[in-house]
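Trainee: I have a model on screen and want to check the labels attached to it. Can we take them one by one?

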Amino acid sequence: MSTNNYFAHPTAVIDEGCEIGEGTKIWHFSHIMTGCKIGKNCNLGQNVVVSPEVILGNNVKVQNNVSIYTGVTCDDDVFLGPSMVFTNVINPRSAVNRRNQYLKTHVGKGATIGANATIICGHNIGEYAFIGAGAVVTKEVPPYALVVGNPARQIGWMSEYGHRLNFDEKGIAQCPESGEWYELKNNKVRKIGNV
């Protein structure tokens with residue numbers, strides 16, 4: 001689609017009425033539906049579906065076989081791993097129309113959702129949270145939390161660069177890659193200046 005500032009593979013279906021940011025790439029067999037908003041420099045892999053009213057921020061990476069259903073919003077720099085799943089109805093039945101009962105799920109800036117994870121609708125993911133591969137999220141996930149398993153449970157904290165944080169007795173930890181410092185206080189993590 002040469003008239004746009006984004007790239008779409010010829011097999012991708014882009015419905016009228018979408019907003020797609022400059023530099024975004026949409027790959028094979030993906031379907032972008034009316035009324036969704038996709039930010040700049042996103043990458044949507046093969047066989048991705050973005051439903052109406054979904055909002056994706058800038059630099060969102062969506063791996064193959066991900067369906068992002070109505071009710072989902074993602075901030076900048078979110079990573080959605082291969083074949084991970086969002087839901088948007090808590091009690092679906094084929095014979096019962098629940099389109100007016102979609103629950104919302106918000107994914108905070110910089111969060112990672114691993115391959116084959118499932119996010120049950122109505123539970124927000126905090127900024128820079130890290131959802132392990134195959135996890136089933138059934139409750140809110142705090143910022144910087146590392147959660148794994150079915151149902152997902154928190155087993156630690158992660159830095160903005162995706163490294164496990166090991167807090168000392170004062171509640172201070174350093175990311176081994178970025179050198180940035182973090183504080184754990186009252187079961188909440190925040191990035192701080194030099195210690």
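Mentor: Start with secondary structure. This predicted model has zero helices and 24 strands.

Trainee: What makes a run count as a strand here?

Mentor: A DSSP run of E with at least two residues counts. Strand 8 covers 49-50, so it meets that minimum of two.

Trainee: How do you know that the radius of gyration agrees with a compact globule?

Mentor: For 195 residues, the globule rule puts the radius near 16 Å. The protein has 18 Å, which agrees. The C-alpha atoms fill a box of roughly 55 × 40 × 20 Å along the principal axes.

Trainee: Why is Glu53 called exposed?

Mentor: Its relative accessibility is 56%. The cut-off for exposed is over 50%, so Glu53 counts as exposed. Glu53 sits in the loop between strand 8 and strand 9. Its phi is near 70°, a positive value in a residue other than glycine.

Trainee: And why is Asp77 called partly exposed?

Mentor: Asp77 has a relative accessible area of 31%. Buried needs under 20% and exposed needs over 50%, so 31% falls in between. Asp77 also has a positive phi, near 65°. Its place is the loop between strand 12 and strand 13.

Trainee: What share of the protein is buried?

Mentor: Buried residues make up 41% of the 195. The exposed surface is about 10200 Å², with carbon and sulfur atoms supplying 48% of it.

Trainee: What makes the largest nonpolar core a core, and which residues have the most contacts inside it?

Mentor: Its members are buried residues of the nonpolar set, joined through side-chain atoms within 4.5 Å. This core has 48 residues. Ile32, Ile68, Leu80 and Ile131 have the most contacts inside it. Strand 12 (72-74) and strand 20 (145-148) are the elements that give two or more residues to this core.

Trainee: What is Ile32 in contact with, beyond its neighbours within four places in sequence?

Mentor: Among them are Val13, Ile14, Cys18, Ile20, Leu44 and Val50. Asp15 is on the list too. Each has heavy atoms within 4.5 Å of Ile32, so each counts as a contact.

Trainee: How many of the contacts between residues at least 6 apart join residues at least 24 apart?

Mentor: In the protein, 14% of them do.

Trainee: Which peptide bond is cis?

Mentor: The one joining Asn150 and Pro151, with omega about -5°. Pro151 lies in the loop between strand 20 and strand 21.

Key
Residues numbered from 1 in each chain as written. Predicted model: local features only at pLDDT ≥ 70, side-chain atom pairs only at ≥ 80, totals over all residues. Heavy atoms only, no water. Buried < 20%, exposed > 50% of the residue type's maximum accessible area, 1.4 Å probe, protein only. Helix = DSSP H or I, 4+ residues; strand = E, 2+ residues; numbered from the N terminus. Rg over C-alpha atoms; globule rule 2.2 N^0.38 Å. Areas by Shrake-Rupley, 256 points an atom, 1.4 Å probe, with all protein chains shown as cover.
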